[in-house]
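Got the viewer open? Here's a walk through the model, one selection at a time.

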Amino acid sequence: HSLYVANMEALIKRANAAQGPHTYPLSSNARHCTPIDKWKEQREFIRRAGFPSLRDAVDMIKSGMVMDADITVQDLYRANAIYGNEVAVVKGKLKERKTRSVLERYEISKQVGVQVEQIMFSDLAYIEGITFLVTITAPLGLWMVSHIDDTSSRTLKNELPRALDTYQAKGFKV
């Protein structure tokens, strides 16, 4: 869990000094703490904390990271049980998945059963006057393309065995 504590005391003092003293009107009735008030406080805490998960919010309260919080761990659990998670808590959580490296994917692919016997097809391709030897194996479906200087039989005799050697080095029988 990536939670960080920031000391915002100096920033708050500067903001308060710029705005002047705060006054809060008090009603003739003293403020009674109802369950709805507790729920509102809990939701406000979750919003100000950046919509952490319930476990992270509980850890914040237990560890003392939150000063002057008027809510308890039981308030968090109770409000979550009654009203459920905030929509932003649910929507904003996406696990970053690390993509596997090419070597890992290759190692996994070696474990998957692939037919060892392959049939190789080859052809010449011309793209903007440049000649390529294209080989395709079935049922694997692997395409290999190699640049060749000319289409002489001597060049093809050198390139086709090179393609065959590449397949055979990986354990395929072509």
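Start by selecting Gln42, which counts as buried because its relative accessibility is 2% (buried means under 20% relative accessible area, exposed over 50%, partly exposed in between, with a 1.4 Å probe and protein chains only). Gln42 sits in helix α2; helices here are DSSP runs of H or I with at least four residues, strands are runs of E with at least two, and both are numbered from the N terminus. Show what surrounds Gln42: leaving out residues up to four places away in sequence, Gln42 touches Ile71, Asp75, Leu76 and Ala79, where contact means heavy atoms within 4.5 Å.

Before you click on, two notes about the model. It is predicted, so local features need pLDDT of at least 70 and side-chain atom pairs count only at pLDDT 80 or more, while totals for chains, interfaces and linings use all residues. Residues are numbered from 1 along each chain as its sequence is written, and side-chain values use heavy atoms, with hydrogens and water left out.

**The cavity**

Keep Gln42 on screen and add Arg43, Ile46, Pro52, Ser53, Leu54, Asn80, Asn85, Glu86 and Val89: together with Gln42 they line the largest cavity. On a 1 Å grid over the protein atoms alone, a cavity is a set of points where a 1.4 Å probe fits but cannot get out, and lining residues have an atom within 4 Å of a point. Which helix gives the largest share of that lining? Helix α2 (residues 35-48) does, with three residues. The space in this cavity is about 50 Å³, a volume being the space filled by probe spheres set on the points, which are joined across faces, edges and corners. The count of cavities of 30 Å³ or more comes to one.

**From α2 into α3**

Next, go to Phe51 in the loop between α2 and α3 (54-63). Phe51 isn't a glycine, yet it has a positive phi of about 55 degrees. Most residues other than glycine have a negative phi, and most peptide bonds are trans. With a relative accessible area of 24%, Phe51 is partly exposed.

Now select α3 and color Asp56, Ala57, Val58, Met60 and Ile61, which are buried. Turn on α2 and α4 (73-83) as well, since the buried residues of α3 pack against them. An α-helix has 3.6 residues a turn, so residues three or four places apart point the same way. Just after α3 comes Gly64, with a positive phi near 85 degrees.

**Over to the strands**

Jump to Asp123 in strand β1 (residues 119-127). Is Asp123 buried or exposed? Asp123 is exposed, at 53% relative accessibility. Neighbours within four places in sequence aside, Asp123 is in contact with Phe132, Leu133 and Val134. Draw a distance to Val145, 22 residues along the chain: the two C-alpha atoms are 9.8 Å apart.

Glu128 is your next stop, in the loop between β1 and β2. Here's another non-glycine with a positive phi, about 50 degrees. Glu128 is exposed, with a relative accessible area of 81%.

Then show β2 with strand β3 (residues 143-148): they pair in the antiparallel sense over six bridges, pairing being called if DSSP finds at least two bridges between two strands. To see one partnership, select Thr135 and its bridge partner in β3, Met144. The β2-β3 hairpin has four residues between the strands, and in it Gly141 takes a positive phi near 80 degrees. Pro139 is in the loop between β2 and β3 too, and the peptide bond from Ala138 to Pro139 is cis, with omega near 5 degrees.

**Zoom out**

Color the chain by pLDDT, the predictor's confidence in each residue, from 0 to 100. The chain averages 76, and 72% of the residues score at least 70. Among the elements, strand β2 (residues 130-138) has the highest mean, 89, and helix α6 (residues 102-111) the lowest, 58. Over residues 22-31 the pLDDT is below 50, and this stretch has three contacts in the model beyond near neighbours in sequence.

Finally, switch to cartoon and count seven helices and three strands, running α-α-α-α-α-α-β-β-β-α from the N terminus on. Of the 174 residues in the chain, 19% are buried.

Notes:
1 Å grid on protein atoms, 1.4 Å probe; cavity = no way out; pocket = protein on both sides within 12 Å on 5 of 7 lines; lining within 4 Å.
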